Amino acid sequence: QMQLVESGGGLVQAGDSLRLSCVASERTFSGYAMAWFRQAPGKKREFLATINWSGARTDYADSVKGRFTISRDNAKNAVYLRMNSLKPEDTAIYYCAAAVVGTRDWDNWGQGTQVTVSS
């Protein structure tokens, strides 16, 4: 089982930027696609972005396209989410997840990091 640890969340004002980090314990990190999700209280989990094993391909949800950027550093077993122009509606717990290359089964999850955006 892969262990994932998110960090970088916090309290910011609308319009600010924030970078989230996720570090994995898996030594074969490059064998996994990575993704970011978020969940606000009382709402379903929302997909945000995904990145393939090499970092050459990324995909984004329409709600964050143009504002958020996903990246990875396989040498550091890390995936990042740069968030710009934050809005109060971005307030949620942010999670990273991993799936074995070739699947869309997000079986490995971190504990999440809280992002709160004030107006």
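## Overall fold

Strands here are DSSP runs of E at least two residues long, numbered from the N terminus. Keep in mind that this is a predicted model. On that footing, the protein has zero helices and 11 strands, so reading from the N terminus you just get β-β-β-β-β-β-β-β-β-β-β. The radius of gyration is 13 Å against the 14 Å that the globule rule gives for 119 residues, so the protein is as compact as a globular protein of that length.

The C-alpha trace spans about 40 × 25 × 25 Å along its principal axes. Of the 119 residues, 43% count as buried. As for contacts between residues at least 6 apart in sequence, 55% of them join residues at least 24 apart.

## The cores

In soluble globular proteins, nonpolar side chains tend to be buried together. In this model, the largest nonpolar core has 30 residues, and Trp-36, Leu-81, Met-83 and Tyr-94 have the most contacts inside it. Plenty of strands chip in: β3 (18-24), β4 (32-39), β5, β7 (68-73), β8 (78-83), β9 (92-100) and β11 (113-118) each supply at least two of the core's residues. There's also a second, separate core of six residues, with Ala-33, Ala-35, Ala-99 and Trp-106 among them.

What does Leu-81 touch, once residues up to four places away in sequence are set aside? Its partners are Leu-18, Arg-19, Leu-20, Trp-36, Leu-48, Phe-68, Thr-69, Ile-70 and Tyr-94. Two of those names, Trp-36 and Tyr-94, are also on the list of residues with the most contacts inside the largest core.

## The largest pocket

The largest pocket holds about 150 Å³ of space. Its lining is made up of Ala-33, Thr-50, Ile-51, Asn-52, Trp-53, Arg-57, Thr-58, Asp-59, Val-101, Gly-102, Thr-103 and Arg-104. By type, that's four nonpolar, five polar and three charged residues.

Which strands each supply at least two residues of this lining? They are β5 (46-51) and β6 (58-60). Ala-33 does double duty, lining the pocket and belonging to the second core.

## The loop between β8 and β9

Asp-90 sits in the loop between β8 and β9. Is Asp-90 buried or exposed? Its relative accessible area is 0%, so Asp-90 is buried, the cut-off being under 20%. Beyond residues up to four places away in sequence, Asp-90 touches Arg-38, Arg-67, Phe-68, Ser-85, Val-115 and Val-117.

Ser-85, one of those partners, is found in the loop between β8 and β9 too. With a relative accessible area of 41%, Ser-85 is partly exposed.

## Positive phi angles

Most residues other than glycine have a negative phi. Ser-85 goes the other way, with phi near 50 degrees. Asn-77 also has a positive phi, of about 55 degrees, although it is not a glycine.

Asn-77 is found in the loop between β7 and β8. Its relative accessibility is 17%, and buried means under 20%, so Asn-77 counts as buried.

## Lys-44

For a residue out in the open, look at Lys-44: its relative accessible area is 72%, which makes it exposed. Lys-44 is found in the loop between β4 and β5. Leaving aside neighbours within four places in sequence, Lys-44 is in contact with Arg-38 and Gln-39. Lys-44 and Trp-109 are 65 residues apart in sequence, with 16 Å between their C-alpha atoms.

Conventions. Residues numbered from 1 in each chain as written. Predicted model: local features only at pLDDT ≥ 70, side-chain atom pairs only at ≥ 80, totals over all residues. Heavy atoms only, no water. 1 Å grid on protein atoms, 1.4 Å probe; cavity = no way out; pocket = protein on both sides within 12 Å on 5 of 7 lines; lining within 4 Å. Points joined across faces, edges and corners; volume = space filled by probe spheres on them. Helix = DSSP H or I, 4+ residues; strand = E, 2+ residues; numbered from the N terminus. Nonpolar A, V, L, I, M, F, W, Y, C, P; charged D, E, K, R; others polar. Core = buried A, V, L, I, M, F, W, Y, C linked by side-chain atoms within 4.5 Å. Buried < 20%, exposed > 50% of the residue type's maximum accessible area, 1.4 Å probe, protein only. Contact = heavy atoms within 4.5 Å. Rg over C-alpha atoms; globule rule 2.2 N^0.38 Å.
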